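Work through the exercises below with the structure open beside you. Try each task before you read its solution.

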Amino acid sequence: MNRNLALEFVRVTEIAAINSARWMGKGDEKAADQAAVDGMRKMLDSIECDATVVIGEGERDKAPMLFIGEKVGTGKGVKLEIALDPLEGTTICAIGGYNATSVMAIGKENSLLHAPDIYMKKIATGPACRGLIKIEDPMIANLERMAERKRCNISDLTVSILNRERHQELIKETRATGARIQLIGDGDVSSAIATAIPGSGIDLVVGIGGAPEGVIAAAALKCMRGEFQGQLVAIGADQEERAAKMGYEHLDKIYHTSDLASGDVMFVATGVTDGSLLKGVKFRTEGATTHSIVMRSASGTIRNITAEHFFDRKPIY
């Protein structure tokens, strides 16, 4: 993929982030999400590519824009697949919380797992502990190996877990190891990426979250040489039916990083609210400032981009 595409796609997440950030703290999740979708969809069609949304806002009958299978881009140029979340952390944005982002993963055809919109059991870590984690192992085994590699005590490690009722046993198990825990409300993509950033304070991410977000996080960690493992989980008949419809009838398979994001992939994200990975949108009289991150797996390059936007000039946001 042309490296210039990465910088083109960051314009897309920038606009989605600016649009949704206007709704920060206003308590309206739907409005914040719709604003992000509108901005992202508009900007995608300005990019010279022939792209298909493989992970988006949902199936066509449930999402008027950015639905799974929708064609985006100019229709000319390289054929791509896109996994996106215009506003990862809708609740976070609505309450003015921490770690809301606009994210996209981009790859060539057949490079991103077309994950059904169900749950996924996940485990993720950065490059320092790549090759040590196993999703099927108990927490103590994973943390012992990590502590040995990092030459520290388990009590020095921090595990990020979504604060959900379904994780009560996992939280109890993790506390029993002596590790520190960071409970998060949403935004497990940002937390997974943070494991690969020195000084972020997060060593491991575990738990059950959305499968689509797992694919996006895996693409980012591939660029950063981290590690991600996932296993699809269907909760209830509706999710089982959805998985079967997409060809996932047997859910015992363990997916590794390159199963979820293969070949040459890119990842772009822009902060909506301040977080462990990115700063949020800051508005001023004449415009706004955004903070984005752009990664490519082919080169391993990670770019942090701070952009100044002026609302009296094109494009119209």
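**Exercise 1.** Is Asp50 buried or exposed?

*Solution.* The model is predicted. Start with the cut-off: buried means under 20% relative accessible area. Asp50 has a relative accessible area of 13%, so Asp50 is buried.

**Exercise 2.** Which residue forms a salt bridge with Asp50? Find the parts of the chain that this pair links.

*Solution.* Step one: find the partner. Lys79 forms the salt bridge with Asp50, and their closest N and O atoms are 2.8 Å apart. Step two: place both residues. Lys79 sits in strand S3 (residues 79–88), and Asp50 sits in strand S1 (residues 50–55). They are 29 residues apart, and the pair links distant parts of the chain. Step three: check the accessibility of the partner. Lys79 has 42% relative accessibility, so Lys79 counts as partly exposed.

**Exercise 3.** Describe the salt bridge between Asp188 and Lys122.

*Solution.* Step one: take the distance. The two side chains meet at 2.7 Å, N to O. Step two: locate the ends. Asp188 lies in helix H6 (residues 188–194), while Lys122 lies in strand S5 (residues 119–125). These parts are 66 residues apart in sequence, so the pair ties them together. Step three: classify both residues. Asp188 is at 11% relative accessibility, so Asp188 counts as buried. Lys122 is at 7%, so Lys122 counts as buried too.

**Exercise 4.** Which residues are joined with Arg41 into one network?

*Solution.* Step one: name the members. Arg41, Asp45 and Glu70 form one network through salt bridges that share partners. Step two: look at one link. The side chains of Asp45 and Arg41 meet in a salt bridge at 2.7 Å, N to O. Step three: compare with the cut-offs. Arg41 has a relative accessible area of 14%, so Arg41 is buried. Asp45 is at 36% relative accessibility and therefore counts as partly exposed. For the whole model, the count comes to 14 salt bridges.

**Exercise 5.** Where is Pro127 found, and which residues is Pro127 in contact with?

*Solution.* Step one: place the residue. Pro127 is in the loop between S5 and helix H4 (139–150). Step two: classify it. Pro127 has a relative accessible area of 37%, so Pro127 is partly exposed. Step three: list the contacts, leaving aside neighbours within four places in sequence. These are Ala196, Met224, Arg225 and Gly226. Step four: set sequence against space. Pro127 and Leu221 are 94 residues apart in sequence, yet their C-alpha atoms are 8.5 Å apart.

**Exercise 6.** How many cavities of 30 Å³ or more are there, and what lines them?

*Solution.* Begin with the principle. Rolling a probe the size of a water molecule over the atoms shows where empty space is left. Step one: count. There are 2 cavities of 30 Å³ or more.

Step two: take the largest cavity. Its volume is about 60 Å³. The lining includes Lys122, His167, Asp188 and Gly209. Strand S6 (158–162) and strand S8 (204–210) each supply at least two lining residues. S8 gives the largest share, 5 residues. By class, the lining has 6 nonpolar, 4 polar and 2 charged residues.

Step three: take the second largest cavity. It holds about 40 Å³ of space. Among its lining residues are Lys122, Asp188, Ala217 and Phe228. S5 supplies the largest share, 3 residues. This lining has 6 nonpolar, no polar and 2 charged residues.

Step four: link back to Exercise 3. Lys122 and Asp188 line the largest cavity, and they also line the second largest.

**Exercise 7.** What is the volume of the largest pocket, and which residues lie nearest its centre?

*Solution.* Step one: state the volume. About 800 Å³ of space lies in the largest pocket. Step two: go to the lining. It has 38 residues, and Glu57, Asp85, Leu87, Thr90 and Glu213 lie nearest the centre. Step three: trace the elements. Those that give two or more residues include helix H2 (29–44), helix H7 (211–223) and helix H8 (237–245). H2 provides the largest share, 5 residues. Step four: sort by class. The lining divides into 15 nonpolar, 9 polar and 14 charged residues.

Technical notes: Residues numbered from 1 in each chain as written. Predicted model: local features only at pLDDT ≥ 70, side-chain atom pairs only at ≥ 80, totals over all residues. Heavy atoms only, no water. Salt bridge = Lys/Arg side-chain N within 4 Å of Asp/Glu carboxyl O. Buried < 20%, exposed > 50% of the residue type's maximum accessible area, 1.4 Å probe, protein only. Helix = DSSP H or I, 4+ residues; strand = E, 2+ residues; numbered from the N terminus. Contact = heavy atoms within 4.5 Å. 1 Å grid on protein atoms, 1.4 Å probe; cavity = no way out; pocket = protein on both sides within 12 Å on 5 of 7 lines; lining within 4 Å. Points joined across faces, edges and corners; volume = space filled by probe spheres on them. Nonpolar A, V, L, I, M, F, W, Y, C, P; charged D, E, K, R; others polar.
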